[in-house]
Amino acid sequence: MKKKILSLFILSMFVMTPVIAKEKIKVDNPQNGIYVFKINTKKYGSKIKPYVTANLTTPQKVYEQNCFDLVVNGGFFDVKSGKSVSYTTIDSKVVSDPSNLPELVGWLKKEERLDKVLSRSELRILENDRNKLKFDIARHNDPVKKGYHIKHVLQAGPGIIPCVDLVGEGFVVYENDRVKMQSVDILKRRERTLIGLKGNNLYIVLFTKDHKVDANELKQYAKDTLKLKKAMALDGGLSTAINYKDMNIGSLGKYQRRVKSFLVIER
C-alpha cells in the first residue's frame with residue numbers, strides 16, 4: 001500500500017511540474033542604454049533573415065503585423081525616395097541593389113566613393129548543398145566561402161571586427177589630414193545597432209540615447225567586452241530600434257523612425 005501511494009505521489013509530481021521552455025533569444029541589459037540579444041545559430045539559424053517593406057515603416061509595425069519573435073532595424077536607405085541604398089538578398093533573390101539607382105551612382109561617382117560604398121560590410125547567411133547554414137560578416141566584394149552559396153544578405157556597415165576601415169568603406173573622406181566628409185555621423189557618439197558573431201551565436205546589440213558610442217567605442221565594446229570574432233554596424237542614429245516581446249526600444253526611448261529593411265527572427 002505504501003509503495004502504491006509513493007508511486008502515485010511521484011506520478012502526480014511529474015504531471016503537475018510545468019515544463020520550462022528554453023528561450024530562443026537571451027537578453028541582457030548590462031548597462032543603462034545597452035541591450036544585448038544572443039541567438040544560437042545552430043538551433044535557430046533558419047529563423048533569421050532580412051526583411052524589406054514596400055514602404056518605410058517602424059520595427060514595431062513589422063513586429064505587430066508578422067509572426068516574428070524579434071525585429072531590429074537593418075540597412076541604409078534614402079529618406080526622400082524610401083529606397084534601400086544597401087544590398088539585400090532574401091532566399092537567394094536580390095531584392096535591393098544600390099548599383100541600380102542612377103542618382104545614387106552618379107552622386108557617389110562625383111565624390112569618388114562609388115566602389116567603396118558598394119563594397120561595404122554585410123551579414124551573410126550561407127547555405128551548402130546539404131542545407132547547412134553558415135553565418136559570416138564580409139565586405140560585399142569578398143568571395144563566398146568555398147562550398148557555400150548566398151541565401152541571405154543584409155548590408156550596412158562599417159565593419160567593426162576584425163578591423164574598422166571607415167575610408168575603405170566610404171564613410172569618411174579626408175583632405176589634407178582633415179575630415180572633409182563623414183556619413184551617418186560615424187565619428188560622433190550616436191545611437192548604434194551592432195551585430196556580431198562568436199562561436200555558434202549571433203549577437204544583436206543596441207546602444208540607445210543613454211549610452212551613445214562612436215565607431216571606435218563600438219569596436220572596443222565588441223572586442224573587449226563581448227569578445228566577438230566578427231562584427232559590423234547596421235544603420236544607427238535615429239534608425240536604431242528593436243522589438244522583442246514587450247520590449248519596444250527606439251533611439252530616443254520608445255520613439256522609432258520609419259526605415260526600409262530589417263533583420264528578423266521568425267517564430
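Which helix and strands each supply at least two residues of the lining of the second largest pocket? Read on to the third legend for that one; every view here comes from a predicted model.

**Figure 1. The whole chain, before we zoom in.** The protein chain carries six helices and 18 strands. Its C-alpha trace spans about 90 × 45 × 35 Å along the principal axes. Of the 267 residues, 48% are buried. Take the contacts with a separation of 6 or more, and 65% of them turn out to join residues 24 or more positions apart. As for the outside, the protein chain exposes about 14700 Å², with 51% of that coming from carbon and sulfur atoms.

**Figure 2. A look into the largest pocket.** This one holds about 740 Å³ of space. Its lining runs to 27 residues, and the ones nearest the centre are Phe77, Asp78, Val85, Leu104 and Trp107. Helix H4, residues 102-110, gives the most to the lining, chipping in five residues. Sort the lining by class and you get 13 nonpolar, ten charged and four polar residues.

**Figure 3. The second largest pocket, and the elements around it.** Here the space comes to about 350 Å³. There are 17 lining residues, with Thr41, Lys42, Leu133, Lys134 and Phe135 closest to the centre. Back to the opening question: helix H2 (41-44), strand S8 (133-139) and strand S13 (192-198) are the elements that each supply at least two lining residues. S8 has the largest share, at four residues. By class, the lining of this second largest pocket breaks down into eight charged, five polar and four nonpolar residues.

**Figure 4. Close-up of the enclosed cavity.** Counting cavities of 30 Å³ or more gives just one. The volume of the largest cavity is about 50 Å³. Who lines it? Going along the chain, you meet Phe76, then Gly157 and Pro158, followed by Val184 and Ile186. Arg192 and Thr193 come next, and the run Ala233, Leu234, Asp235 and Gly236 completes the lining. That makes six nonpolar, three polar and two charged residues around the largest cavity.

**Figure 5. Linings side by side.** For anyone flipping between the close-ups, here are the class counts again.

| Site | Nonpolar | Polar | Charged |
|---|---|---|---|
| Largest pocket | 13 | four | ten |
| Second largest pocket | four | five | eight |
| Largest cavity | six | three | two |

Technical notes:
Residues are numbered from 1 along each chain as its sequence is written. This is a predicted model: local features need pLDDT of at least 70, side-chain atom pairs count only at pLDDT 80 or more; totals for chains, interfaces and linings use all residues. Side-chain values use heavy atoms; hydrogens and water are left out. On a 1 Å grid over the protein atoms alone, a cavity is a set of points where a 1.4 Å probe fits but cannot get out, and a pocket is an open set with protein on both sides within 12 Å along at least five of seven lines; lining residues have an atom within 4 Å of a point. Grid points are joined across faces, edges and corners, and a volume is the space filled by probe spheres set on the points. Ala, Val, Leu, Ile, Met, Phe, Trp, Tyr, Cys and Pro count as nonpolar, Asp, Glu, Lys and Arg as charged, and the others, Gly among them, as polar. Buried means under 20% relative accessible area, exposed over 50%, partly exposed in between (1.4 Å probe, protein chains only). Contact means heavy atoms within 4.5 Å. Accessible areas come from the Shrake-Rupley method with a 1.4 Å probe; for residues, only the protein chains shown count as cover.
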